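Colleague: Please take me through one part of this model slowly. I would like to follow one chain, starting from where it meets its partner.

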Amino acid sequence: MTPLFALVRKELRLYFNSPIAYIFLTVFLALSSWFFFRGFFLVGQADLRGFFGFLPWIFLFLIPALTMRLWAEERRQGTIETLLTSSLSLRQVVLGKFVASFSFLLIALAASFTLPISIHFIGSLDWGVVLAGYVGALLLGASYISFGLFVSALTSNQIVAFISSVIVLFLLFILGQSIVTFALPGFIVPFFEFFSLGSHYDAIIRGVIDTRDVLYYLSFSALFLYFNYLAINAQK
Amino acid sequence: MISVKALQKNYGSFPALKDISFDVSSGEVLGLLGPNGAGKTTTMRILTGFLGASAGTVLVDGHAVADQPEVVQALIGYLPEQAPLYPDLSVHEHLDFAAEVHGITGAKKEKAIRTACEQTGLTERLYFAISELSKGYRQRVGLAQALIHDPKILILDEPTTGLDPNQILEIRELITELGEKKTVILSTHIMQEVEAVCDRVIVINEGKIVAEGAPGDLAADTQRATHQYRVTVQGAVGAVTEFLKKIKGVERVEKIPGSPRGTATALVYASSDIRTVLTKKLASSFDLLELSTEKASMEDVFASLTK
């Protein structure tokens with residue numbers, strides 16, 4: 001376990017030794033709080049729906065920024081050679097990088113926990129829905145991370161990794177929304193909804209944690225981590 | 001220690017390595033010499049398990065790299081051509097990571113970091129960010145990283161490229177020192193480096209081994225095939241070169257500038273050993289100041305082998 005843990009720690013150090021971590025946290029907290037409080041006092045309801053509703057859009061830009069360097073930089077700096085010739089197996093390296101980004105996401109979401117706590121003192125907050133929202137955010141975040149990681153494995157250019165991740169994640173997210181599905185023949189719509197990153201998230205943040213939705217995100221993450229493994233393995 | 005058999009590697013349809021075989025015994029310092037693009041880096045990457053071979057086998061200490069990469073990688077310390085470093089980490093953080101990735105922890109880890117830093121002269125830079133270090137120091141961090149788990153084998157890909165002359169000498173000394181205890185394979189396209197540090201050299205060109213032997217032997221072989229003499233006489237350069245060109249067996253005469261006033265120096269390339277003829281003829285027409293055999297340099301060896 002030590003080598004895997006060492007890799008996770010190194011990735012987190014690289015985030016926090018550079019401005020990335022601080023920019024990410026600041027932008028994340030400022031944007032999410034602003035979007036949230038903008039409508040909060042107008043609506044006058046003690047819930048976090050506004051916050052969770054905007055999270056996918058904030059994630060859409062911030063998570064690819066987190067994952068874009070993970071492989072691209074290793075390749076550009078040549079550190080990929082020592083990484084892959086260390087005692088870590090490729091499987092462990094892929095997993096370690098995912099765990100590191102996911103831990104960073106956990107830190108960011110933990111920092112946003114001040115929102116429900118403050119609202120708890122203003123009105124009666126349904127903690128069940130809030131916790132479901134956080135579960136949904138983590139699952140969605142994990143899917144974005146594994147996809148971003150996969151895209152980063154395909155290039156040695158961070159910007160290319162960033163832009164392509166944003167575009168494809170955006171398409172996958174809106175796939176099931178009515179703006180896409182209204183023009184489609186009726187029998188295809190359920191497929192689009194099923195494969196969309198967005199529709200499962202909408203169900204979870206309403207407070208309903210369905211195993212199918214959870215399984216969807218877990219298998220999405222696992223699939224792209226596996227693709228990531230294949231992509232790096234094919235380059236050897 | 002290392003046994004490479006019939007190694008081949010194709011990048012698409014391009015054959016980077018065509019049938020490379022060699023053995024390295026324990027404690028040897030082996031130089032891989034060749035022009036850029038000859039296949040040195042590819043060979044090293046296959047030895048370390050970073051790349052898979054298209055055909056052929058590599059055995060390290062009895063283990064096949066393809067089957068047991070982890071076992072082999074634990075035995076090898078590897079420094080790629082571009083020192084693989086994270087600029088955002090400090091030297092200590094970087095070596096800490098390198099040690100833990102090899103499963104070294106706790107007090108042993110601190111000891112390993114200290115030893116590697118002492119060996120490479122990094123102790124005073126331990127808490128500098130790598131982005132603040134000069135190229136020479138970065139190369140040392142790369143070397144310290146390769147040494148961190150005290151490997152039996154060191155594989156160094158062009159360890160002195162981009163360094164200034166003093167740094168080059170320091171790194172070479174360090175390699176010689178390490179070579180006393182470890183098996184070292186290093187690649188280079190600099191001849192002096194081979195002469196300075198290697199016990200044996202393999203010359204690779206276009207993916208094939210074109211020569212193999214001790215650096216001195218290779219030079220001697222080339223010496224036998226080439227006949228070059230340096231001639232210095234009293235007189236004008238033009239007259240001397242014209243005179244030399246008429247001697248039987250002389251293929252080419254090169255003027256060498258910079259000889260003292262009133263004397264002329266030329267380099268004579270001959271097809272056979274013409275020393276006796278040359279001495280007699282020159283002595284009869286000029287005041288002969290110097291006639292010597294020009295030693296074949298590693299550059300000549302290299303040029304004649306990779307032509």
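Modeller: I will start at the contact and then go through the sheets of chain B.

First, the ground rules. This is a predicted model, where local features need pLDDT of at least 70, side-chain atom pairs count only at pLDDT 80 or more, and totals for chains, interfaces and linings use all residues. Residues are numbered from 1 along each chain as its sequence is written, chains are lettered from A and ligands numbered from 1 in the order in which they are written, and side-chain values use heavy atoms, with hydrogens and water left out.

Now the contact (heavy atoms within 4.5 Å). Chain A brings 28 residues to it and chain B brings 29 residues. About 2400 Å² is buried between the two chains, and carbon and sulfur atoms give 58% of that. Buried area here is the accessible area (1.4 Å probe) that two parts lose on being put together, summed over both. Gln77(A), Glu81(A) and Thr85(A) supply 25% of the area that chain A buries against chain B, more than any other three residues.

Glu81(A) also forms a salt bridge with Arg45(B), with the closest N and O atoms 2.6 Å apart. A salt bridge puts a side-chain nitrogen of Lys or Arg within 4 Å of a carboxyl oxygen of Asp or Glu. Between chain A and chain B the count is five salt bridges.

Which elements of chain A give two or more residues to the side that touches chain B? They are α1 (2-17), α3 (49-77) and α4 (79-84) of chain A. α1(A) gives the most, with nine residues. Helices (H or I, at least four residues) and strands (E, at least two) are DSSP runs, numbered from the N terminus.

Next, the sheets of chain B. Two strands pair if DSSP finds at least two bridges between them. One open sheet of four strands has the order β2-β1-β4-β5 in chain B, with antiparallel pairing. Its edge strands are β2 (14-24) and β5 (63-64) of chain B, each pairing on one side only. Seven bridges join β1 (residues 2-11) of chain B to β2(B). Asn10(B) has Pro15(B) as its bridge partner in β2(B). Helix α1 (residues 40-47) of chain B lies across β1, β2 and β4 (55-60) of chain B, at about 120° to β1(B). Axes are lines fitted to C-alpha atoms, for helices over the stretch in contact, and angles run from 0 to 180 degrees between N-to-C directions.

Another open sheet of four strands has the order β12-β13-β11-β14 in chain B, again with antiparallel pairing. β12 (250-256) and β14 (287-293) of chain B are at the edges with a single partner strand each, so one side of each has no neighbour in the sheet. From one strand to the next, the twist averages 25°. Six bridges join β11 (residues 227-234) of chain B to β14(B). There, Arg230(B) has Ser292(B) as its bridge partner.

Helices pack on this sheet too. Helix α9 (residues 237-246) of chain B touches β11, β12 and β13 (263-270) of chain B, at about 165° to β12(B). Helix α10 (residues 275-285) of chain B lies across β11 and β14 of chain B, at about 165° to β14(B).

Last, a hairpin. β9 (residues 200-205) and β10 (residues 208-213) of chain B pair in the antiparallel sense over five bridges. Val201(B) stands opposite Gly213(B) in β10(B). Two residues lie between the strands, and Glu206(B) in the turn has a positive phi of about 45°.
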